[in-house]
Every structure is written in structure tokens, then in C-alpha cells.
Amino acid sequence: MGGLTPAKDEGGRRVYERLLAGERMAARFLAADGDGGREEDRGPLRVFRAAWRGAVLAGTSLVVSCGLFCLVLVSICLVPLGAGLITTPPILAVIREYALGRRERARAWGGVRIGVAYRPLPPLKPGFTGEAALCLALLRDPATWRDIGWLLLDCTAGVVLSVLAPLVLLYPVWGLVLAAGGWRIFEDSPEWYLFLPVDSQATGLAALALGVVIALTARWSVPAFLQSYFRLTRTALAPSREQEMAARIDRLTVTREDAVDTSAAELRRIERDLHDGAQARLVAVGMDLGLIESLIERDPAKAKELLGKARLSSAEALGELRDLVRGIHPPVLAERGLVDAVRALALRLPVETEVVAEVPGRAEAPVEAAAYFATSELLANAVKHAGADRIWIDLGYREGRLRISVGDNGGGGADAAKGTGLAGVERRLGTFDGVLAVSSPPGGPTLATVELPCVLS
């Protein structure tokens, strides 16, 4: 088989970008510590909410998990024929997104953290060779087979566990129907209500009593079934501790290499700015001063004019040096900390900006610098590309993580995979095991969230 057509090659690139987006989402789970943030759910509707969630999960597992399992099984069987090399990566990309979404549900609805350990993707090569290499790399990843195994478990045992949550509330209603005379429909053969055969009014009333007992247990049994479902999901999806640590090390290795490249590029930028800016102006000032020295006695007026020009050039050189220093490490950040530095940044924006901050202390200087420059880049993107007339910034610290959210009411459509700015923010944060999450639907609003693990002083 030769090369792919341009349209197919573009399709392969989109699949690759989708897998990269899943990899970035996986990095959020990899970087997160603890059991995650379970939604507080202690109100009187807690049982009904858990039952509804169980019904949603049961329906999704039965339809989506079963469908994806059949699709990926057929696609993998076609790999030896060549067709599966093209069809398998997009299906696996969807499965990864689906599995990551279920991890998110487990954290939010059950407080269950499910680890993730996908291997880094190889560089995408053009043509059929690249498609084949990507497919084989995905199939060599143990996490891929965990996802596939989970799909089978999810559409069988997972459906049973999740459907039990709403069934606990609905089954007592069936007992009431039987007690109200519904048992007469089954006069020829008794209807079994759990272990109780119902074929008379007396047994119908017994079924009603049993239903009441079941309903009384719903307060703890419905959430317990939902929790059991998420624990079963964790059993199937979670990697071993060694695999999770290996994935974290792989990710940190990549980000450290990016950090070295970024630092080298930054040094070259500083050298270029000094050479083309302040250094050139200072050389011009020196030449003007030499000319002034030769003219000061025979042409004082011309010397005075050149002196004013030299003073102006020195002031411009000083301004450029200050801007350069501010770009390396802003003085306000060093002196007053991240919160005041971000507030100062917001004051210079041409858009109405609101800052809300609750950070009880200061992080280490490198972490503060990474957070500051990430925020600065996000604000620059909002001003230049979003077309927003309002921006809000929220800084907080919780469970050992510094969290910065930057939102705007612009047109949306921001994508880290399509812009060097957001990709640069991800690389800078990755050096500190931090993550960037961007939500930017077409039409807006856009919300970019930065999380950095750190300890405050």
C-alpha cells in the first residue's frame, strides 16, 4: 500500500491531535493526588440523585460500552488485513475519551480516584506508515487493553451494579401494584417478588411489606450500589502503582526536555534583545558622547543638541532594560508575591478585569514565576484573540495545589493543540508537574484553568 491521500492524511492528523488532547486530560489525573473532590451530596434528594445517576450510567454502559467493545474488537481483527491499522486509532481515541470521562464521573459522583498511565505517543509520520506505527504503538500500550477489558466488564457486571441503584427505589412500587390487585394477572403461575411467590391477596400484602423493607434500606443501599460500581470501574481501569509512577516519570522526562529547550530559547531571546536593543542604543550614546566631546568648544549649540539626543537614547535603553528584566522576573512578583503581581498585570490590561484571590501564603519562586507567566500568556490570548470585553481571574489554593482560572466572555474556540501560546504554557507547567485545562466552546465563554502542586510558606 502506498501513501495516503491528503484527505486521509489530514484525518490521521486529526486523530493524532485527539489522542494528544486525551493525553493532556490524562495528565490531569496523573498529576492529581488523593481521592479527588467528591461533590457534597447530603441533601434530602441524595438517594434520588444517586438512583438517577445509576440509571444514566446503566444506560450509557449498556449502549456505549457494548457498542465500543464490538467496534474495537472487529477493528483489531482487521489489523492483519491492513484496514484495522487505519480504523483502530480513531476508535481507541474515542475509547480513551470515554474512559477518561468515566474517571471524571468517579471522582465527582463517588469520590473514587482512578489512576491513568497511558504511554506517550510517538511522533506522527505522514502516510500509511505513520498510521500503522501509531496503531501498533497504541496496541502495545497496556493501558489500551485495560480500557478494552473495562468496556466488557462495564457492559456486563457494570450494568448490573448501576441498574440496582434505581431498582431499589422502583421495586417497592411493583410490590404496591401486586398488593393492590396486580397479583390477579398471574393466577395461572405466581409472580415471584424476590423470594416470595405472589398468587393471593395475602401474599400480595406480604410483597408490599417486603417492598417497604427494601424502600427503608434505600438510604444507604442506593449510594452503596453506585459506589460499588465506581470501585468495580477502578478495579478494571486503574494501573498498578509501579505503572502509574512509570507514566509520571515518562511525562516528567518529556517536560524536563522541553524545559531545557525552552530555557535555551529564552537565553537566545535575551541575548538578541540585548544586542539589538539596549546594547545598540548604548553604543549610539557612546558615539554621541565622543562627538559631543569634540564639539563642545567649537560648536556648543550642536553639542547641546547631541547631548539631548544622548540623554533620550539612554532613557530609552534604560526602559528597554527594565522591560527585559520584567520579562525575566518581574520585580513586583519577587517583592510582593503572585497575587499582587497578577493584580498589577490586570491593571495594565485594556479590558475590564476582575481578580479574586484566596492564597494564604507564597509558593517557591520558580513555581510563582511559572504561574505568573502562564497567567500572563492566558490574559494576552484573551485580549488579542477572544474579542472579550470582560475578563475574570480566580486564584486559590486547596489540597496542596495552586489553582488559577482565567475566564473571558469572548468568542471561544481556543484550542491548546492549535496554538503555540497555550502549548508553551503547557510545557512551562509540565516542568513543575502542573496541568492546563481549557474549556472554550464556539461562541464562548472561555475558561482556562492552571493547577500547580506546591507548598505555601
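Which residues of the largest nonpolar core touch the most other members? The legends below begin with the whole chain and then take up this question in a predicted model.

**Figure 1. Overview of the predicted chain.** The model shown is a prediction. Its secondary structure consists of 13 helices and seven strands. The chain has 457 residues, and 42% of them count as buried. Among contacts with a separation of 6 or more, 73% are made by residues 24 or more positions apart. About 24,200 Å² of the chain is exposed, and carbon and sulfur atoms supply 62% of that area.

**Figure 2. The largest nonpolar core and the surroundings of Phe230.** Val222 and Phe230 touch the most other members of this core, which holds 49 residues. Seven helices are involved: helix 1 (6-31), helix 2, helix 3 (83-110), helix 4 (127-140), helix 5 (142-179), helix 6 (201-216) and helix 7 (218-237) each contribute at least two residues. Helix 3 provides the largest share, with 11 residues. In general, nonpolar side chains tend to be buried together in soluble globular proteins. When neighbours within four places in sequence are set aside, the contacts of Phe230 are Leu57, Arg105, Ala106, Trp109, Gly110, Val112 and Ile114. Another core, of 36 residues, lies apart from the largest one; Ala363, Tyr372, Leu379 and Ile391 are among its members.

**Figure 3. A nonpolar patch on the surface.** Leu62, Val63 and Val64 together form a nonpolar surface patch with about 260 Å² of accessible area. Val64 belongs to helix 2, which spans residues 46-77. With a relative accessible area of 32%, Val64 is partly exposed.

**Figure 4. The salt bridge of Asp141 and Arg96, with Thr144.** The structure holds eight salt bridges. In one of them, the side chains of Asp141 and Arg96 meet at 3.3 Å, N to O. Asp141 is in the loop between helix 4 and helix 5, whereas Arg96 is in helix 3, so the pair ties together parts that are 45 residues apart in sequence. Both partners are covered: Asp141 is buried at a relative accessible area of 2%, and Arg96 is buried at 4%. Thr144, a residue of helix 5, is likewise buried, with a relative accessible area of 3%. Not counting residues up to four places away in sequence, Thr144 touches Leu92, Arg96 and Leu138. Arg96 therefore appears in this view both as a salt-bridge partner of Asp141 and as a contact of Thr144.**Figure 5. Strand 4 and strand 5.** Strand 4 (residues 390-398) and strand 5 run antiparallel and are joined by eight bridges. Within this pairing, Gly396 stands opposite Arg403 of strand 5. Two residues lie between the strands of the hairpin, in which Glu399 adopts a positive phi near 50°. Strand 5, residues 401-408, is mostly covered, with seven of its eight residues buried. Arg403 is partly exposed, at a relative accessible area of 41%.

**Figure 6. Strand 7 and its two antiparallel partners.** Strand 5 is joined to strand 7 by eight bridges, and the two run antiparallel. In this pairing, Asp408 has Thr446 of strand 7 as its bridge partner. Strand 6 (residues 435-439) is also antiparallel to strand 7 (residues 446-453), with five bridges between them. Ser439 faces Leu447 of strand 7 in that arrangement. The hairpin of strand 6 and strand 7 has six residues between the strands, and Gly443 takes a positive phi near 95° there.

**Figure 7. Salt bridges among the strands, and a shared network.** Side chains of opposite charge can pair when their charged atoms come close. Glu354 and Arg390 form a salt bridge in which the closest N and O atoms are 3.3 Å apart. Since Glu354 lies in strand 3 (residues 352-358) and Arg390 in strand 4, the pair ties together parts that are 36 residues apart in sequence. Glu354 counts as partly exposed at 41% relative accessibility, and Arg390 also counts as partly exposed, at 33%. A further salt bridge links Glu451 with Arg403, the closest N and O atoms being 2.4 Å apart. Glu451 is in strand 7 and Arg403 in strand 5, so this pair ties together parts that are 48 residues apart in sequence. Elsewhere, Arg336, Asp340 and Arg343 are joined into one network by salt bridges that share partners.

Technical notes:
Residues are numbered from 1 along each chain as its sequence is written. This is a predicted model: local features need pLDDT of at least 70, side-chain atom pairs count only at pLDDT 80 or more; totals for chains, interfaces and linings use all residues. Side-chain values use heavy atoms; hydrogens and water are left out. Two strands pair if DSSP finds at least two bridges between them. Helices (H or I, at least four residues) and strands (E, at least two) are DSSP runs, numbered from the N terminus. Patches are made of residues with over 30% relative accessible area and no salt bridge: like charges are joined within 9 Å, nonpolar side chains (Val, Leu, Ile, Met, Phe, Trp, Tyr) within 5 Å. Accessible areas come from the Shrake-Rupley method with a 1.4 Å probe; for residues, only the protein chains shown count as cover. A salt bridge is a side-chain nitrogen of Lys or Arg within 4 Å of a carboxyl oxygen of Asp or Glu. Buried means under 20% relative accessible area, exposed over 50%, partly exposed in between (1.4 Å probe, protein chains only). Contact means heavy atoms within 4.5 Å. A nonpolar core is a set of buried Ala, Val, Leu, Ile, Met, Phe, Trp, Tyr and Cys residues joined through side-chain atoms within 4.5 Å.
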